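The following account leads the reader through one protein model, from individual residues to the overall fold. It is best read with the structure open alongside.

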Amino acid sequence: MLGTIATAHMIVPLFMGKSYAAAVGPVRLVAVLLLAGPMASLLSGTVLYALGRYRAYLIAGGTGAATAIILSLALVRIFGVTGVCIAFVLAEAIVACTAYLLIPHELRDLWKNPMIPVAVFSGLLMIVGVHFANSFSSRPFVVVSAGAFVYLAVSVLLGRKLLLQQFGGAR
């Protein structure tokens with residue numbers, strides 16, 4: 001998500017052509033879906049449904065659908081495509097939040113995984129690396145590679161011990 005937000009100004013014209021430069025803003029907005037969508041799917045579609053909490057699953061999906069409809073009606077007329085993007089991403093976020101509130105309390109600790117702060121910190125440093133690389137080069141491959149290198153290097157340095165602890169017994 002952070003990589004897409006940081007490099008959209010280079011990637012969109014590269015793959016779609018320079019005439020699609022206006023799509024950079026909507027791409028950055030929809031990039032948040034790379035976080036909101038899997039969270040909604042995990043919490044609602046996997047956890048609630050797998051636990052047999054079909055009513056809670058329906059409530060989470062229904063709140064997302066209602067949010068999408070209401071926000072689309074309100075925002076599309078005002079903001080056009082940008083409004084659609086905002087409505088879509090917020091609807092997924094609402095599904096995730098609603099599902100989280102409806103999962104059993106004993107499962108709410110799933111966010112306490114120590115790898116999450118490592119991934120967030122690595123992502124933030126990746127943005128710094130992308131910005132730094134972008135000031136020296138306008139070549140997308142160089143900038144994206146620099147960001148990926150920073151992310152992987154920081155993740156390995158900070159998360160190596162945690163990963164070995166989690167997967168050490170899987171031999």
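In this predicted model, a convenient starting point is L125, which counts as partly exposed because its relative accessibility is 29%, between the limits of 20% and 50%. L125 belongs to helix α6. Once its neighbours within four places in sequence are set aside, L125 is in contact with V150 and V154. The first of these contacts joins positions that are 25 residues apart in sequence, yet the C-alpha atoms of L125 and V150 are 6.9 Å apart in space.

The adjacent residue in the numbering, L124, is also placed in helix α6. With a relative accessibility of 46%, L124 counts as partly exposed. L124 takes part in a nonpolar patch on the surface, whose other members are L42, L51, L107, L110, W111, I116 and V120. Together these residues present about 620 Å² of accessible area. Helix α6, which runs over residues 115-136, supplies the largest share of the patch, namely three residues.

Ahead of helix α6 lies a loop that connects it to α5 (81-102), and I103 is found in this loop. Is I103 buried or exposed? I103 is buried, because its relative accessible area of 2% falls under the 20% limit. Beyond its neighbours within four places in sequence, I103 is in contact with L43, V47, L48, R108 and L110. One of these partners, L110, is also a member of the nonpolar patch. A further long-range relation involves S44: the C-alpha atoms of I103 and S44 are separated by 8.4 Å, although the two residues are 59 residues apart along the chain.

R108, another contact of I103, has a second relation to describe. R108 lies over the face of Y100, at 5.3 Å from the ring centre.

Charged side chains also meet in this part of the sequence. Side chains of opposite charge can pair when their charged atoms come close. The count for this structure comes to one salt bridge. It is formed by the side chains of K112 and D109, with a distance of 3.4 Å from N to O. How do the two partners stand with respect to the surface? K112 is exposed, because its relative accessible area of 66% is over 50%. D109, by contrast, counts as partly exposed at a relative accessibility of 45%.

Attention may now turn to the aromatic residues. How many aromatic pairs does the structure hold? There are three such pairs. In one of them, the ring centres of Y49 and Y54 are 5.0 Å apart and the ring planes stand at 65°, so this pair is edge-to-face. Y49 forms an aromatic pair with Y57 as well, likewise edge-to-face, at 5.1 Å centre to centre and with 65° between the planes. Through ring pairs, Y49, Y54 and Y57 are linked into a cluster. As for accessibility, Y49 is partly exposed, with a relative accessible area of 42%. Y54 is partly exposed at 48%, and Y57 is partly exposed at 34%.

Helix α4 covers residues 54-79 and contains A66. At 35% relative accessibility, A66 counts as partly exposed. Across a separation of 25 residues along the chain, the C-alpha atoms of A66 and A91 are 8.0 Å from each other.

These local features can be placed within the whole. The protein contains seven helices and zero strands, and its pattern along the sequence reads α-α-α-α-α-α-α. The C-alpha trace spans about 55 × 55 × 20 Å along its principal axes. Of the 171 residues, 29% count as buried, and I103 is one such buried residue. The protein exposes about 10,900 Å², of which carbon and sulfur atoms supply 72%.

What part do residues far apart in sequence play in the contacts? Among contacts with a separation of 6 or more, 71% are made by residues 24 or more positions apart. The contact between L125 and V150 spans 25 residues in sequence.

Methods:
Residues numbered from 1 in each chain as written. Predicted model: local features only at pLDDT ≥ 70, side-chain atom pairs only at ≥ 80, totals over all residues. Heavy atoms only, no water. Patch = residues over 30% accessible without salt bridge, like charges linked within 9 Å, V, L, I, M, F, W, Y side chains within 5 Å. Areas by Shrake-Rupley, 256 points an atom, 1.4 Å probe, with all protein chains shown as cover. Salt bridge = Lys/Arg side-chain N within 4 Å of Asp/Glu carboxyl O. Helix = DSSP H or I, 4+ residues; strand = E, 2+ residues; numbered from the N terminus. Buried < 20%, exposed > 50% of the residue type's maximum accessible area, 1.4 Å probe, protein only. Phe/Tyr/Trp six-rings, centres within 6.5 Å; stacked < 30°, edge-to-face > 60°. Lys NZ or Arg CZ within 6 Å of the ring centre and 35° of its normal. Contact = heavy atoms within 4.5 Å.
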